[in-house]
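Subject: Structure for your review

Dear colleague,

Please find below the structure I promised to hand over. My findings follow it.

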Amino acid sequence: MELSIAQPDDWHLHLRDGELLEAVVSHSAKQFGRAIIMPNLRPPVTTTAAAVAYRDAILKTLQGNTDFTPLMTLYLTDKTSPHEIKLARESGVVYGVKLYPAGATTNSQDGVTDLFGKCIPVLEEMVNQEMPLLVHGEVTDPEIDIFDRERVFIDRILKPLIQKLPKLKVVMEHVTTMDAVKFVESCEEGIYYFYFMLLKGCVAATVTPQHLLLNRNSLFQGGLQPHNYCLPVLKRETHRQTIVAAVTSGNKRFFLGTDSAPHDRQRKECACGCAGVFNSPVALSIYAKIFEEAGALDKLEAFTSFNGPDFYGLPRNTRKIILKKTTWKVPESYSYASGSIVPMSAGESLEWLPFLAS
């Protein structure tokens, strides 16, 4: 059995830099046509000039052996200026601005501390430039339970933000809860919040393979599982089921975003392990598995290949990917100059094998 679909894009990808970039970029480039590249390097990509330089580094690493196109983003800070947003739009290479609440995840220490107090002029310019805001949707208040941080973010930050700037395009990245699903669906339907109608079509969400396949039990089964640890953290089974139902329903506001986030094995398997799942080698296989089990393979192509570019206002890819129903084994790890990286589903057998159509 084979499926032929338009080549997917990855609307949320971490490629890192240096040796890690060299080790992982080919896994994405051989399957995806484009990818939104996350800016949380050290130092973060806060300017258009830095985004252009990072894009050049990615393309140099690929050495012209692929048609893969990196779509760059800026890292929003308390000091980002409206002028920088204009430069980003004029560059033709920046496609979004990433909101990291300070301290929410990997390399987010330079993120936003007061969105409404310090960033409104920038967000208003983003509306003018039709530049999407890509949101890591978690509060960082230490008094909020880690499993509730997405829900509280929606109530405290996202709903008031959309009310204040209803024309701002927002992508809720890597949604993990039924609360996020309901919020995105309510925006689609134009439901009222606090007597204010959200503009239809301005809010969408990316969904990862791990949040479709795993629940929070996967962090602890057989001992602590560091390679299943990511932020936002995996949630209850009821949340996973709600997310699966949303993406396999055909709703156009949900699309593929792997949040593939590689770390060296030693930085995952240690006393204070890093958050992030390296899933690029297995993402399409897992998405196909989820849609097949839901009886929704006919809706897979829209999720992987149509909904994302439609939301961003970009053309759909014309090349094709073939997904062949054949068993293949995921490597235990991928070696590189300074160590190794453990992929999602390491050592397991998967049943859908993707490759570019000739």
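Ser-345 lies in the loop between strand 14 and strand 15 (349–356). In this predicted model, the phi of Ser-345 is near 65°, a positive value in a residue other than glycine. Most residues other than glycine have a negative phi, and most peptide bonds are trans. Ser-345 counts as buried, because its relative accessibility is 9%, under the 20% cut-off.

A second residue of this kind is His-174, with a positive phi near 40°. His-174 belongs to the loop between strand 7 (170–172) and helix 7 (178–189), and is buried, with a relative accessible area of 2%.

Two cis peptide bonds also deserve mention. One runs from Arg-42 to Pro-43, with omega near -5°; Pro-43 sits in the loop between strand 3 (34–37) and helix 2. Another runs from Leu-231 to Pro-232, with omega near 0°, and Pro-232 is in the loop between helix 8 and helix 9.

Leu-231 itself has a relative accessibility of 16% and therefore counts as buried. Outside the residues up to four places away in sequence, Leu-231 touches Ala-104, Thr-105, His-136, Glu-138, Ile-146, His-174, Asp-259 and Ala-275. The list thus includes His-174, described above. Leu-231 and Gly-276 are 45 residues apart in sequence, while their C-alpha atoms are 6.7 Å apart in space.

Turning to charge, Lys-98 is placed in strand 5 (residues 94–99). Lys-98 is buried yet has no salt bridge: Glu-173, the nearest side chain of opposite charge, is 4.9 Å away, and the cut-off for a salt bridge is 4 Å. The side chain of Lys-98 does make a polar contact of 3.4 Å with that of Tyr-100. Beyond four places in sequence, the contacts of Lys-98 include His-12, Met-38, Leu-76, His-136 and Glu-173.

Finally, two helices. Helix 1 (residues 18–29) has twelve residues and spans 17 Å from its first C-alpha to its last, close to the 16 Å expected. Its buried residues, among them Leu-20, Leu-21, Val-24 and Val-25, pack against strand 2 (10–13), helix 2 (48–62), strand 13 (334–336) and strand 14 (339–341). Helix 11 (residues 283–293) is mostly covered, with eight of its eleven residues buried; these include Leu-284, Ile-286, Tyr-287 and Phe-291. Gly-295, which follows helix 11, has a positive phi near 70°.

Kind regards

Conventions: Residues numbered from 1 in each chain as written. Predicted model: local features only at pLDDT ≥ 70, side-chain atom pairs only at ≥ 80, totals over all residues. Heavy atoms only, no water. Helix = DSSP H or I, 4+ residues; strand = E, 2+ residues; numbered from the N terminus. Expected span 1.5 Å × (residues − 1). Buried < 20%, exposed > 50% of the residue type's maximum accessible area, 1.4 Å probe, protein only. Contact = heavy atoms within 4.5 Å. Lys, Arg positive; Asp, Glu negative; His and termini not counted. Polar contact = N/O pair within 3.5 Å; in protein donor to acceptor, adjacent residues only side chain to side chain.
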